[in-house]
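The following exercises ask you to read a fold from its coordinates, each task being followed by a solution that goes step by step. Please keep the sequence and the model open while you work.

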Amino acid sequence: MDIFLLLFGCVLVVLCIGLELYFLYALLISKNCKYPPAFPSFGKMKKIALSEAEKFLSSSKRPLRIIDLGSGTGGLLLPLAKKFPQHQFVGYDWDFFVCQILKLRARKLSNLTVVRDNFMNVDLSQYDLLLCFLDTKAAEELSLKVAKEIKSDAMIISSAFELKNLTPQQVFDAKSFGMPLKVYVYKNSNNL
Ligand SMILES: C[S@@+](CC[C@H](N)C(=O)[O-])C[C@H]1O[C@@H](n2cnc3c(N)ncnc32)[C@H](O)[C@@H]1O
């Protein structure tokens, strides 16, 4: 019994140290929390983001390119890539660990690519649909980039954070677990 408790304690200590190290790593890559950490979409916000993306993707007769800017473990990209094999999906994330998890989860999908890099380096003009779930500072920087690079007929779905330099075409109330969340949908350059 004592040995069992000792082993259990050792496993707990190793897990805690692993988590602490991961938080340190996340703090470093997010430039001291200038960018948000890995946290998956959830609740009504996730449902609305997925359903708006699905409407857009199912209405297209040509293959589209979709990017998730900060794809995390694929909470949005995976169900979309499974449902729409005719479209190409790209997940950008600079976190080594979440990229490995997403690569593993997407191993059977030939239409989903995972890139470990800063999404501020991506040429956004190649994409028809942009997904993001960031934070206030990152969304502000991204909105300047989007306004410069986006294709005229592209759509953007931003969960929780408004892209300040752009005008949303629709704003959905996505209150989840008591949090007053919103989903912002931007469509074509006339609105940007
Ligand atoms: C809140 S999570 C969103 C995950 C996923 N999009 C979802 O909706 O479930 C934000 C992700 O963005 C990534 N991220 C933040 N800033 C980034 C940047 N500049 N370049 C690449 N990834 C970034 C983080 O590592 C994190 O995994």
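**Exercise 1.** Which residues of the largest nonpolar core touch the most other members?

*Solution.* A word on the source comes before the steps. This is a predicted model, in which local features need pLDDT of at least 70 and side-chain atom pairs count only at pLDDT 80 or more, while totals for chains, interfaces and linings use all residues. Residues are numbered from 1 along each chain as its sequence is written.

Step 1: a residue is called buried if 20 or more other C-beta atoms lie within 10 Å of its own, exposed if 12 or fewer, and partly exposed in between, with C-beta atoms placed from the backbone. Step 2: a nonpolar core is then a set of buried Ala, Val, Leu, Ile, Met, Phe, Trp, Tyr and Cys residues joined through C-beta atoms within 7 Å. Step 3: the largest such core holds 48 residues, and Leu130 and Leu131 are the ones that touch the most other members. Step 4: with neighbours within four places in sequence left aside, the contacts (C-beta atoms, placed from the backbone, within 7 Å) of Leu130 are Ile67, Leu69, Leu124, Val146, Ala154 and Ile156.

**Exercise 2.** Establish the strand order of the sheet and find what packs on it.

*Solution.* Step 1: helices (H or I, at least four residues) and strands (E, at least two) are taken as DSSP runs numbered from the N terminus, and the chain has 5 helices and 7 strands. Step 2: with two strands counted as paired if DSSP finds at least two bridges between them, 7 strands form an open sheet of mixed pairing in the order S3-S2-S1-S4-S5-S7-S6. The edges are strand S3 (112–116) and strand S6 (170–173), each of which pairs on one side only. Neighbouring strands are turned by 15° against each other on average, direction ignored.

Step 3: helix H2 (residues 43–58) packs on this sheet, where H2 touches strand S4 (129–132), strand S5 (155–159), S6 and S7, and the direction of H2 makes about 175° with that of S5. Helix H4 (residues 96–105) also packs on the sheet, touching strand S2 (88–93) and S3, and its direction makes about 165° with that of S3. For these angles, axes are lines fitted to C-alpha atoms, for helices over the stretch in contact, and the values run from 0 to 180 degrees between N-to-C directions.

Step 4: S6 and strand S7 (residues 182–187) run antiparallel and are joined by 4 bridges; among the partners, Asp173 is bridged to Lys182 and Phe172 to Val183. S5 and S7 are likewise antiparallel, over 5 bridges, and Ile157 stands opposite Val185 in S7.

**Exercise 3.** Compare the expected span of helix H1 with its end-to-end distance, and describe how H1 is covered.

*Solution.* Step 1: the expected span is 1.5 Å times one less than the number of residues, so the 28 residues of helix H1 (residues 2–29) should span 40 Å, and the 41 Å between its end C-alpha atoms agrees. Step 2: H1 is hardly covered, since the count of buried residues among its 28 residues is 0. Step 3: just after H1, Lys31 takes a positive phi of about 50°.

**Exercise 4.** How is the chain divided into domains, and what distance separates their centres?

*Solution.* Step 1: by bounds that come from an automatic or database domain assignment, the chain is divided into domain 1 (1–33) and domain 2 (43–191). Step 2: the centres of the two domains, taken over C-alpha atoms, are 31 Å apart. Step 3: along the principal axes, the C-alpha atoms of the chain fill a box of roughly 70 × 35 × 35 Å.

Note on methods
Two residues are in contact if their C-beta atoms, placed from the backbone, lie within 7 Å.
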